[in-house]
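Let's take a friendly walk through a protein model. Have a look at the sequence and the fold before reading on.

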Amino acid sequence: MKCQVFLASFVLVAVFELGYAGLTPEKLKEIKPLIDTCIKESKVEEETLGKLHNGHEIPSSQSGKCFIACMAEHMKLMKDGKFEPAMTMEFIDKMVQDKVKADEIKKAVDDCFKSVPDGDKCEMAASLATCMKEHHAELAGMN
């Protein structure tokens, strides 16, 4: 189980693949329908999803970035194209059972929130995921 921060941030994020440290199989089962919905809505390519899941590669395609944004919106981590920090922190607490790890993740996500410029929601979601990967990869399980 590897990448709960990616999901929570956008993973987010968090993204958003299927095997994250700290997430129980029950929690993963809860988000599976969202993943399926966002695959359809974003029209993300299977190759992009494979790279995201297997290599934790942040998508460069618009559909891949929008897949991350879609997940964030459906998990109520974004609203009207803006991140919802309070909802994100609540989501992390709900999804990550180890409270010490949850606190570390919340700090990392908060740091990255501050670095994401306003703009297109798909670009914002990808920027947050990129920040987590570049600055908190080990914590995020993205290495």
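What follows is a short tour, from the whole chain down to a few side chains.

## The big picture

First, a word of caution: this is a predicted model. Its secondary structure adds up to seven helices and four strands. If you trace the chain along its sequence, you'll meet them in the order α-β-β-α-α-α-β-β-α-α-α.

How much of the protein counts as buried? Of its 143 residues, 52% do. On the outside, the protein exposes about 6900 Å², and carbon and sulfur atoms supply 53% of that area.

Now think about who touches whom. Take the contacts with a separation of 6 or more: 56% of them are between residues 24 or more positions apart.

## Inside the core

The largest nonpolar core has 38 residues. Which of them touch the most other members? They are Phe67, Phe83, Ile92 and Val109.

Several elements chip in with two or more residues each: helix 2, helix 3 (46-55), helix 4 (62-74), helix 5 (85-95), helix 6 (99-115) and helix 7 (121-140). Helix 7 gives the most to this core, namely eight residues.

## A pair of rings

Next up, the aromatic side chains. The model has one aromatic pair, made by Phe83 and Phe113. To describe a pair of aromatic rings, you give the distance of the centres and the angle of the planes. Here the centres are 5.2 Å apart and the planes sit at 50 degrees. Why is the pair called tilted? An angle under 30 degrees would count as stacked and one over 60 as edge-to-face, so the 50 degrees of Phe83 and Phe113 make the pair tilted.

The two partners come from distant parts of the chain: Phe83 belongs to strand 4 (residues 82-83) and Phe113 to helix 6, 30 residues apart. Are these rings' residues buried or exposed? The cut-off for buried is under 20% relative accessible area. Phe83 counts as buried because its relative accessibility is 13%, and Phe113 is buried too, with a relative accessible area of 12%. Remember that Phe83 also turned up among the core residues that touch the most other members.

## A closer look at Ile35

Last stop: Ile35. Where does Ile35 sit? You'll find Ile35 in helix 2, which covers residues 25-42. With a relative accessibility of 5%, Ile35 counts as buried.

Ile35 and Met71 are 36 residues apart along the chain. In space, though, their C-alpha atoms are separated by 6.8 Å.

Conventions:
Residues are numbered from 1 along each chain as its sequence is written. This is a predicted model: local features need pLDDT of at least 70, side-chain atom pairs count only at pLDDT 80 or more; totals for chains, interfaces and linings use all residues. Side-chain values use heavy atoms; hydrogens and water are left out. Buried means under 20% relative accessible area, exposed over 50%, partly exposed in between (1.4 Å probe, protein chains only). A nonpolar core is a set of buried Ala, Val, Leu, Ile, Met, Phe, Trp, Tyr and Cys residues joined through side-chain atoms within 4.5 Å. Rings of Phe, Tyr and Trp (its six-membered ring) pair if their centres lie within 6.5 Å; planes under 30 degrees apart count as stacked, over 60 as edge-to-face and the rest as tilted. Contact means heavy atoms within 4.5 Å. Accessible areas come from the Shrake-Rupley method with a 1.4 Å probe; for residues, only the protein chains shown count as cover.
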